Structure formats: C-alpha cells, structure tokens
Amino acid sequence: MPSLSVIDLKIILCFLFSLGITFFMIPSIVEMSNLKSLTALPNKRTSHNSAIPNLGGIGIFIGLIISYLLFLRIESFPRFQYLIAASMIIFFVGFKDDIVGLNPYKKFFGQIVAAWIIVSFGGLRLTSLHGFFGIQEMDYSLSYLITMVAIIGITNCFNLMDGIDGLSAGLGIISCLFFGVWFYLVEDYDWTKLAFALAGSLIAFGFFNVFGHKNKIFMGDTGSLTLGFMMAVIAIHFNEKNLEPLSLYHVNAAPAVSIGLMIVPLFDTLRVLFTRLIHRTSPFMPDRTHIHHYLLDMGFTHIQSTLILLGTSIAFGIISFLLSDMGVVRLLLVLFLLAGSSTFFVISRVLKKRPVN
C-alpha cells in the first residue's frame with residue numbers, strides 16, 4: 001500500500017493534469033469553433049451580444065477523463081468502464097445539441113440510457129434513504145427508480161444553471177471540493193481523485209469563460225450535462241459511503257447534506273419547473289426566470305451575480321455539514337426554508353421595480 005505522501009502526490013497531480021490539459025485545449029477549441037462557426041449566437045434570453053464558441057465542454061471532459069485514467073487504480077474501481085460509457089453518452093448528447101440542436105425528448109432519452117448503464121451495469125445505486133420518512137434500506141425496485149430520478153434530475157439542474165459566466169463551473173468546483181475533501185478524510189482516494197480532477201478541469205475552463213477575451217468560451221450542453229452527470233454520480237457515492245461506519249467523519253444526514261452542497265442549482269430548478277407547470281408552459285421551454293436572471297435584473301453584473309451565488313453555495317455547504325446531526329428531514333426543512341426565503345427576497349425586489357402593465 002503506498003504511503004500517504006505518495007497518495008497525496010497522485011491526487012495533486014491528477015488535479016494539475018486535468019487543469020493543464022483543459023487549459024491548453026481551450027484555445028484550440030476556440031480557434032476551431034470560430035473557423036467552423038460553431039458558436040452560440042445572442043438572442044433575447046442570452047446576456048452576451050456577440051457569437052461565442054460554446055464547446056468548452058470538450059476540454060472539460062477530455063481533461064477530466066485523461067487525468068483520471070492516468071492516476072486511477074483500476075482494481076479499486078472494477079466497474080469504472082460503465083462510468084466511462086455512460087459519461088460518453090452524456091457527452092455526445094450534449095455535443096450534438098451544441099452543434100445542430102437536439103429535440104428535448106431525445107436529449108432526455110439519452111440521459112435515461114446513461115443513467116440506466118451506470119445503475120444497471122455499474123451497480124451505483126442509492127440503497128438507503130438514511131431514515132428519511134422512516135425509510136432505511138430500500139428494495140431493489142424503489143432503489144433503482146430513485147437513483148434514476150436522482151441522476152437525471154441533478155444532470156438537468158446543472159444544465160439549466162448554465163446561464164451566466166462562471167456560474168455552473170463555479171458551483172461544480174465548490175461541490176467537488178466539499179466532496180473531494182470529505183473523500184480524502186475517509187481515505188476514499190480514487191473518488192477524491194475524481195472530484196479533484198473534475199474541479200481542475202472546471203477551474204481551467206472557468207478562467208477562459210470569465211476572464212477570456214480573445215479565447216472566451218461557454219461550456220455548452222457538452223459541458224453542463226457532463227458536469228451534472230458527474231456530480232450526480234459523486235453525490236450518490238457520498239450517500240452510499242456514509243452507510244459505512246466512518247467514526248469521526250460519518251455524516252448522519254447524508255442525503256440532506258448532498259442536497260445542501262448542490263442547493264443552488266437544485267432548488268432553483270425545482271422552483272422554475274414548478275412555476276412553469278403552474279403557468280401551464282412546457283418545462284423544457286427556456287426563459288429568464290432563473291435566480292441569476294433576477295440578480296442581473298437587480299443591476300448586478302455577471303461577475304457579481306456569480307459571486308453572490310457561489311458565496312451562497314459555500315454558506316449552504318458549511319451549514320449542511322455543521323447541522324448534519326439534525327437528521328435528514330429537519331436539515332432539509334432548514335435548507336429549503338433558507339433557500340426559499342432568500343430567493344423570495346431577490347424576486348420580490350425585482351418585481352417591485354418592474355412597471356405594472
């Protein structure tokens with residue numbers, strides 16, 4: 001068994017390789033996208049006013065996969081090939097949507113197939129609700145269904161939050177760091193590498209997304225779907241890992257904590273979908289009702305809006321871990337009450353400013 005210093009070095013190198021690969025790929029992706037006119041054009045919903053390359057997800061995916069393959073111990077992750085297969089399906093679904101557009105239902109079907117592969121063949125399932133509604137261990141059918149819903153739901157939540165510079169990438173980085181540090185503390189090193197590899201590729205992408213001028217790029221659905229899918233996989237493993245006796249680092253309310261670590265995309269997506277259903281509009285129809293749109297309408301810049309939401313995500317992550325002994329139900333109530341009240345404050349401020357028709 002390698003010494004801890006060797007493990008630390010491999011984790012650091014996994015992170016740096018992912019960051020470096022993505023960082024050096026992005027300019028080439030931007031050049032190719034501009035030459036082939038593979039760009040996102042401005043419209044009434046977007047905040048950019050020029051054509052911007054939107055294939056940053058290629059760099060994120062390749063940086064993540066190559067670095068992780070270099071430092072993963074295959075024998076410790078015997079079903080890793082199914083994660084790769086499922087993530088490639090998600091990648092190509094997003095890629096096709098970015099290039100030529102894809103019917104929402106076909107996009108959804110691709111997500112179902114990817115989730116089915118990771119659950120059926122990869123064996124990654126939520127087997128317990130940790131006492132939520134009094135449910136501990138679930139039977140196979142219920143476990144299968146809830147896991148599929150969780151994977152598809154989280155995947156789409158991150159996809160729908162990709163609306164302003166740095167937001168989806170920043171939220172992914174924060175969640176990865178929380179999960180990654182916890183995996184490291186419980187000596188689950190291969191999952192630590194996965195979390196930090198994803199964080200590294202997102203940091204590299206985020207540099208060009210936020211600060212790029214000549215090489216500015218969006219992650220597109222290629223990136224946001226890949227990010228959401230990987231976050232779902234990591235969150236499920238976090239929940240399953242907390243079924244083991246981990247002494248000092250055991251998290252009692254793991255489902256609530258994992259939701260708290262991703263509360264910004266999860267809560268905002270649920271709110272938007274509920275609002276669309278109330279108004280009898282398609283849940284697949286994009287609009288400007290996400291929380292970042294309201295922050296922009298309040299007068300904040302892209303960077304300011306992103307920093308506000310990233311700060312909120314960090315705060316919720318800390319609160320989730322500190323209050324994990326409350327139990328799943330109570331912690332969820334606290335998290336949703338805080339998320340709901342803060343969202344209501346922002347939206348009400350915007351609506352007061354809008355002229356009455």
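**Salt bridges, helix packing and backbone features of the predicted model**

Arg288, at a relative accessible area of 27%, is partly exposed; this class lies between buried (under 20%) and exposed (over 50%), as evaluated with a 1.4 Å probe on protein chains only. The structure is a predicted model, in which local features require pLDDT of at least 70 and side-chain atom pairs count only at pLDDT 80 or more, whereas totals for chains, interfaces and linings use all residues. Residues are numbered from 1 along each chain as its sequence is written, and side-chain values use heavy atoms, with hydrogens and water left out.

Arg288 is joined to Asp297 by a salt bridge whose closest N and O atoms are 3.5 Å apart; the term denotes a side-chain nitrogen of Lys or Arg within 4 Å of a carboxyl oxygen of Asp or Glu. Asp297 is likewise classed as partly exposed, its relative accessible area being 33%. In total, nine salt bridges are present in the structure. Side chains of opposite charge can pair when their charged atoms come close. One of these bridges connects Asp188 with Lys241, with 4.0 Å between the closest N and O atoms. Because Asp188 belongs to the loop between H6 and H7 while Lys241 belongs to helix H8, this pair ties together parts that are 53 residues apart in sequence. Helices (H or I, at least four residues) and strands (E, at least two) are DSSP runs, numbered from the N terminus. Both partners are buried: the relative accessible area is 11% for Asp188 and 14% for Lys241.

A further salt bridge is formed by Asp190 and Lys193, for which the closest N and O atoms are 3.4 Å apart. These two residues of helix H7 are three residues apart, so about one helical turn separates them. Asp190 is buried at 5% relative accessibility, and Lys193 is buried at 3%. Together with Arg73, Asp190 and Lys193 make up a network of salt bridges.

Helix H3 covers residues 80-99, a run of 20 residues, and its end C-alpha atoms are 28 Å apart, in agreement with the span of 28 Å expected at 1.5 Å a residue. That expectation is 1.5 Å times one less than the number of residues in the helix. The buried positions of H3 include Phe80, Leu83, Ile84, Ile90, Phe91 and Val93; Asp97 and Asp98 are also among them. Packing of the buried H3 residues takes place against helix H2 (56-71), helix H4 (104-120), helix H7 (189-211) and helix H8 (220-241). Gly101, which follows H3, adopts a positive phi near 85 degrees.

Within helix H4 is Lys107, which counts as buried at 13% relative accessibility. Apart from neighbours within four places in sequence, Lys107 is in contact (heavy atoms within 4.5 Å) with Val93, Asp97, Leu102, Asn159, Asp221 and Leu225. Of these partners, Val93 and Asp97 are listed among the buried residues of H3.

Strand E3 (residues 128-132) pairs with strand E4 (residues 135-137) in the antiparallel sense over two bridges, pairing being assigned if DSSP finds at least two bridges between two strands. Phe132 is placed opposite Ile135 of E4. The E3-E4 hairpin has two residues between its strands, and in it Phe133 assumes a positive phi near 55 degrees.

Most residues other than glycine have a negative phi, and most peptide bonds are trans. Ser37, although not a glycine, shows a positive phi of about 55 degrees. Its location is the loop between helix H1 (4-35) and strand E1 (39-40), where Ser37 is exposed with a relative accessible area of 58%. Glu187, another residue other than glycine, has a positive phi near 65 degrees. Glu187 occurs in the loop between helix H6 (167-185) and H7 and is exposed at a relative accessible area of 54%.

On the surface, a nonpolar patch is formed by Ile314, Ile318, Leu322, Leu323 and Met326, which together contribute about 420 Å² of accessible area. Patches consist of residues with over 30% relative accessible area and no salt bridge, with like charges joined within 9 Å and nonpolar side chains (Val, Leu, Ile, Met, Phe, Trp, Tyr) within 5 Å; areas follow the Shrake-Rupley method with a 1.4 Å probe, and for residues only the protein chains shown count as cover. Met326 is situated in the loop between helix H12 (302-322) and helix H13 (328-353) and is partly exposed, with a relative accessible area of 31%.
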